[in-house]
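Colleague: Please take me through one part of this model closely. Start with a single side chain, then work outward to whatever surrounds it.

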Amino acid sequence: MLYDILIGLGMVAVPEGLVLALAPNRFEDLVKTLQEIGPETRRWLGLVFAVFGVGLIALAKALV
């Protein structure tokens, strides 16, 4: 299980790092846009992405 967690964290860290390395100005624009969105909407967006991530993990586990 620790292996899966480390793989998952690595798979998140690579694109996050690439975004910051290749397009830092666009990342700042994204942060400004997120600040303009209300906290409740950000909360729902976070929940949707978390559920989507859990769904992807379940799909991957089902395919193995």
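Modeller: Phe-49 lies in helix H3. This is a predicted model, so read every value as computed from it. Is Phe-49 buried or exposed? Phe-49 is exposed, because its relative accessible area is 59% and the cut-off for exposed is over 50%.

Phe-49 has company. Together with Leu-30, Leu-34, Leu-45, Phe-52, Leu-56, Leu-59 and Leu-63, Phe-49 makes a nonpolar surface patch of about 820 Å². Two elements give two or more residues to this patch: helix H2 (24–36) and H3. H3 supplies the largest share, six residues.

Now stay on H3 and look at its charged side chains. Helix H3 covers residues 39–63. Pro-39 is found in this helix. Pro-39 is exposed, at a relative accessible area of 54%. How far is Pro-39 from Glu-16 in space? The C-alpha atoms of Pro-39 and Glu-16 are 22 Å apart, with the two positions 23 residues apart in sequence terms.

Next comes a salt bridge inside H3. The side chains of Arg-43 and Glu-40 meet, with 2.9 Å from N to O. Arg-43 and Glu-40 are three residues apart in helix H3, so about one helical turn separates them. Their exposure can be read off too. Arg-43 is exposed, with a relative accessible area of 54%. Glu-40 is partly exposed at 45%. Glu-40 falls in that class because partly exposed runs between the 20% and 50% cut-offs.

The structure holds two salt bridges. The other pair reaches out of H3. Asp-4 forms a salt bridge with Lys-61, and the closest N and O atoms are 3.0 Å apart. Asp-4 lies in helix H1 (residues 2–22) and Lys-61 in helix H3, so this pair ties together parts that are 57 residues apart in sequence. Asp-4 is partly exposed, with a relative accessible area of 41%. Lys-61 counts as exposed, at 53% relative accessibility.

Lys-61 also gives us a reference point for H1. Leu-20 lies in helix H1. Leu-20 counts as partly exposed, at 44% relative accessibility. From C-alpha to C-alpha, Leu-20 and Lys-61 are 30 Å apart in space, and they are 41 residues apart in sequence. Asp-4, by contrast, meets Lys-61 in that 3.0 Å salt bridge.

Step back to the chain that carries these helices. The secondary structure comes to three helices and zero strands. Along the sequence the pattern reads α-α-α. What radius of gyration does the protein chain have? The value is 15 Å, whereas a compact globule of 64 residues would have one near 11 Å. Along its principal axes, the C-alpha trace spans about 40 × 30 × 20 Å.

The exposure of Phe-49 now has its setting. Buried residues make up 0% of the 64 residues in the protein chain. Buried would need a relative accessible area under 20%. The accessible surface of the protein chain comes to about 5,800 Å². Carbon and sulfur atoms hold 75% of that surface.

One last point concerns charge. The protein chain has 5 positive and 6 negative charges, and the mean positions of these two groups are 3 Å apart.

So back to the starting side chain. Phe-49 is exposed at 59%, sits in helix H3, and belongs to the nonpolar patch of about 820 Å². The same helix, H3, holds both Arg-43 and Glu-40, and it carries Lys-61, the partner of Asp-4 from H1.

Conventions:
Residues numbered from 1 in each chain as written. Predicted model: local features only at pLDDT ≥ 70, side-chain atom pairs only at ≥ 80, totals over all residues. Heavy atoms only, no water. Salt bridge = Lys/Arg side-chain N within 4 Å of Asp/Glu carboxyl O. Helix = DSSP H or I, 4+ residues; strand = E, 2+ residues; numbered from the N terminus. Buried < 20%, exposed > 50% of the residue type's maximum accessible area, 1.4 Å probe, protein only. Rg over C-alpha atoms; globule rule 2.2 N^0.38 Å. Areas by Shrake-Rupley, 256 points an atom, 1.4 Å probe, with all protein chains shown as cover. Lys, Arg positive; Asp, Glu negative; His and termini not counted. Charge placed at Lys NZ, Arg CZ, Asp CG, Glu CD. Patch = residues over 30% accessible without salt bridge, like charges linked within 9 Å, V, L, I, M, F, W, Y side chains within 5 Å.
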